[in-house]
Every structure is written in structure tokens, then in C-alpha cells.
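Here are my notes on this model, jotted down while going through it. Have it open next to you as you read.

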Amino acid sequence: MPDVIELYRHHRGWLIAWLRQRVDCPEGAADLAQDTFLRLLRRVDPVSVRQPRAYLRRVAHGLAVDFIRHRDVERAYLEVLASFDAGVMPSEEERALTIETLVRIEAMLDGLPARARAAFLMSRLEGLGYREIAERLGVSLSTVEKDMGGAIRHCYSIRYGQ
């Protein structure tokens with residue numbers, strides 16, 4: 001792999017501009033570019049890079065997706081908090097922990113088909129039984145059972161890497 005310092009010198013500005021278009025946040029783009037190069041520095045196994053920009057774009061893309069997911073979850077959470085009474089506001093630490101947990105849940109459910117995701121959330125968040133979920137979704141009970149089984153397997157594989 002070309003020296004990371006050379007990659008940094010020649011492509012840092014371009015990478016920040018590319019990231020800025022995706023995350024719509026100059027400070028976030030600069031941070032993500034730094035994180036991209038740090039990730040390259042931490043690599044134990046050097047890789048051959050024939051197209052540095054394509055390689056940097058691939059590494060930075062994953063970081064940008066995580067950044068956007070985190071930002072969107074945080075915005076939604078803060079909107080919900082704004083509707084609460086000021087006396088029941090969580091501490092900054094509780095907010096940060098909640099946002100991190102929500103981001104991890106969002107990432108875990110991201111790969112599920114829409115119907116399976118909806119069924120899983122109805123079951124886990126609303127406490128609905130499979131028959132109620134089937135009625136709401138307009139599908140058969142066996143479809144909900146299959147969707148739930150797939151959702152549980154998916155979450156298990158994401159959580160435990162199996």
C-alpha cells in the first residue's frame with residue numbers, strides 16, 4: 001500500500017470534499033476523513049492500492065453511513081425529548097447512552113426486509129402478539145411467524161457474528 005502519509009497529502013482535501021457532499025456537515029466531513037486515515041494506519045495487513053481514491057471512498061463510505069445513522073437517530077431522539085416535561089429530562093450521560101443504544105439497534109435492524117422489521121418492532125416495542133401483527137400487516141399468521149423467525153436469526157447473527 002502506498003504510504004498512508006502520501007495518501008493523506010495527495011487525497012485528504014478531495015476526501016473531505018467528497019464526504020462533505022454526503023454528510024452535509026463540514027466538521028463531520030473533516031472528522032470522517034481523519035477517521036478514514038486512522039483506520040488505514042491501524043491496518044495490520046497492508047493492502048495494495050491501485051486506485052487510492054476508490055479505496056479511500058470505500059473506507060469513508062462506511063464511516064459516513066454510520067455518521068448519518070447516528071445523526072438521524074440523535075435528531076429523532078431529541079425531537080421526542082423536546083415534547084417531555086423539563087422535570088423528566090435524562091442527564092447528558094443517559095442521553096448519550098440511549099442514543100448509542102438506539103444507533104446499534106438501528107444498525108442491527110437495517111438489513112431486515114421492511115415487513116419483517118415492522119413485525120419485529122410491533123412484537124418487541126408494542127408487545128403485540130403474532131395474530132395482532134398479522135391483522136395489522138394484512139398477512140397470514142404463518143407469514144408473521146416466518147418473518148419473526150428470520151428477524152430473530154438476523155439479529156442473533158449480527159449480535160454474535162454467526
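The points below go through some helix packing and then a pocket.

1. One thing to keep in mind throughout: this is a predicted model.

2. Start with H1 (residues 4-23) and H3. Their axes come within 10 Å and cross at roughly 40°, and that angle makes H1 oblique to H3. The crossing is right-handed. On the H1 side, the contact residues include Trp-14, Leu-15, Trp-18 and Leu-19, and among their partners in H3 are Leu-56, Ala-60, Ala-64 and Phe-67. By class, the H1-H3 contact splits into 12 nonpolar, 3 polar and 4 charged residues.

3. H3 (residues 52-82) also packs against H2 (residues 26-42), here at an angle of about 125° and with the axes 9 Å apart. So H2 is oblique to H3, and H2 passes H3 in a right-handed crossing. H2 brings Gly-28, Leu-32, Asp-35, Thr-36, Phe-37, Arg-39 and Leu-40 to this contact, while H3 supplies Tyr-55, Leu-56, Val-59, Ala-60, Leu-63, Ala-64 and Phe-67. The tally for H2 with H3 is 10 nonpolar, 2 polar and 2 charged residues.

4. It's worth clicking on Leu-56, Ala-60, Ala-64 and Phe-67 of H3. These residues are part of the contact with H1, and they turn up in the contact with H2 too.

5. Further along, have a look at H6 (residues 130-137) and H7. The two helices pack at about 105°, with their axes 8 Å apart. An angle from 65 to 115 degrees counts as roughly perpendicular, and H6 and H7 are therefore roughly perpendicular to each other. Tyr-130, Arg-131, Ile-133 and Ala-134 of H6 meet Leu-141, Val-144, Glu-145 and Met-148 of H7. In this contact 6 residues are nonpolar, 2 are charged and no polar ones appear.

6. Now the largest pocket, which has a volume of about 470 Å³. It is lined by 17 residues, and the closest to its centre are Thr-101, Leu-102, Arg-104, Ile-105 and Glu-106. Which elements give two or more residues to the lining? They are H4 (92-109), H5 (114-125) and H7 (141-160). H4 contributes the largest share, 8 residues.

7. A last remark on what lines that pocket: 11 of the lining residues are nonpolar, 1 is polar and 5 are charged. Arg-104 and Glu-106 are among the residues closest to the pocket centre, so colour by class when you look there. H7 links this point with the earlier one, as H7 gives residues to the pocket lining and also packs with H6.

Definitions and conventions: Residues numbered from 1 in each chain as written. Predicted model: local features only at pLDDT ≥ 70, side-chain atom pairs only at ≥ 80, totals over all residues. Heavy atoms only, no water. 1 Å grid on protein atoms, 1.4 Å probe; cavity = no way out; pocket = protein on both sides within 12 Å on 5 of 7 lines; lining within 4 Å. Points joined across faces, edges and corners; volume = space filled by probe spheres on them. Helix = DSSP H or I, 4+ residues; strand = E, 2+ residues; numbered from the N terminus. Nonpolar A, V, L, I, M, F, W, Y, C, P; charged D, E, K, R; others polar. Axes fitted to C-alpha atoms, helices over the stretch in contact; angles between N-to-C directions. Parallel < 35°, antiparallel > 145°, perpendicular 65-115°, else oblique. Left-handed = near helix turned anticlockwise from the far one by under 90°. Contact = heavy atoms within 4.5 Å.
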